[in-house]
Amino acid sequence: MNEVGMDYGDYLHLDDVLGAQHPLSPDHNELLFIVQHQTSELWMKLMLHELRAAVGHVADDHLQPAFKMLSRVSKIMEQLVHAWDVLATMTPPEYTAIRPYLGQSSGFQSWQYRCIEFACGNKQAAMLEPHRHRHNRFDEVQAALHIPSLYDEALRLMARRGIEVPAHVLQRDVTQPYTTDPGVEAAWLAVYSNASDNWELYQLGEKLVDLEDAFRLWRFRHLTTVQRVIGFKQGTGGTSGVGYLRAMLSTELFPELWSIRTAL
């Protein structure tokens with residue numbers, strides 16, 4: 001469209017965005033459920049955009065732009081945390097009225113969320129399966145599994161900056177879940193114990209802690225909202241619902257950045 005004739009709605013393609021809600025049930029509350037998840041996916045699109053760029057900057061030793069992007073990701077996560085407050089206004093009878101219309105659809109099938117988890121280091125090859133039915137998205141999630149995570153690149157950066165990081169960690173299979181390593185804990189302890197000489201690495205560590213802190217709040221709020229709305233019923237996609245979400249609370253993305261707090 002000619003830019004001269006372009007208005008607000010044209011620029012934002014609002015007809016497409018606002019026309020993308022198609023409730024299947026006659027229930028008044030289904031629109032809330034749809035808008036909640038669509039807006040969350042929009043925020044996740046931006047989060048993934050920022051995360052991927054941040055990983056690239058860390059890999060290229062450009063930490064200042066990476067810091068800005070990681071701060072933005074943490075703020076986006078705060079938005080997602082507060083979004084649960086709106087969905088929590090849906091009561092169990094209201095959700096029960098729309099649930100039969102959801103079929104097998106589930107947030108568990110969010111390919112963007114899975115790419116975010118992989119980018120942050122929570123690699124689980126089994127998590128590819130919910131996306132196998134959509135070949136283009138499956139390929140994207142599979143590619144995300146094989147790309148070094150934010151934490152992988154942070155540890156490689158530390159080694160390039162002269163901090164001793166175990167070789168087996170630097171050479172690990174990045175498709176596998178990261179496991180805590182005492183050598184990595186010692187590396188972060190060296191950074192934090194002499195922050196003035198390792199200022200950028202120290203800042204990077206704190207940006208990662210900020211991100212995981214926000215991620216943990218999101219997971220906890222997700223759990224409490226689901227329990228409030230559906231109790232302990234099985235999830236629509238066949239997951240265990242609250243049981244699965246509760247187990248995810250114990251997942252640590254950057255474990256050594258938390259464990260060193262005791263030693264400092």
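Let's start with aspartate 85, which pairs with arginine 221 in a salt bridge (a side-chain nitrogen of Lys or Arg within 4 Å of a carboxyl oxygen of Asp or Glu), their closest N and O atoms sitting 2.9 Å apart. Aspartate 85 belongs to helix H4 (residues 63-87) and arginine 221 to helix H11 (residues 199-230), so this contact ties together parts that are 136 residues apart in sequence. Helices here are DSSP runs of H or I with at least four residues, numbered from the N terminus. As for its surroundings, aspartate 85 is partly exposed, at 36% relative accessible area; buried would be under 20%, exposed over 50%, and partly exposed is what falls in between (1.4 Å probe, protein chains only).

Keep in mind that this is a predicted model, where local features need pLDDT of at least 70 and side-chain atom pairs count only at pLDDT 80 or more, while totals for chains, interfaces and linings use all residues. Residues are numbered from 1 along each chain as its sequence is written, and side-chain values use heavy atoms, leaving out hydrogens and water.

Back to helix H11: what does arginine 216 pair with? Its partner is glutamate 252, with 3.1 Å between the closest N and O atoms. That glutamate sits in the loop between helix H12 (242-248) and helix H13 (255-263), 36 residues away from arginine 216. Arginine 216 is partly exposed at 25%, and so is glutamate 252, at 39%.

Salt bridges with shared partners also join Asp61, Arg160, Arg161 and Glu200 into one network.

Then there's arginine 132 with glutamate 129, bridged at 2.8 Å from N to O. Arginine 132 is partly exposed at 41%, and glutamate 129 is too, at 43%. Across the whole structure, a search turns up 15 salt bridges.

Definitions and conventions: Helix = DSSP H or I, 4+ residues; strand = E, 2+ residues; numbered from the N terminus.
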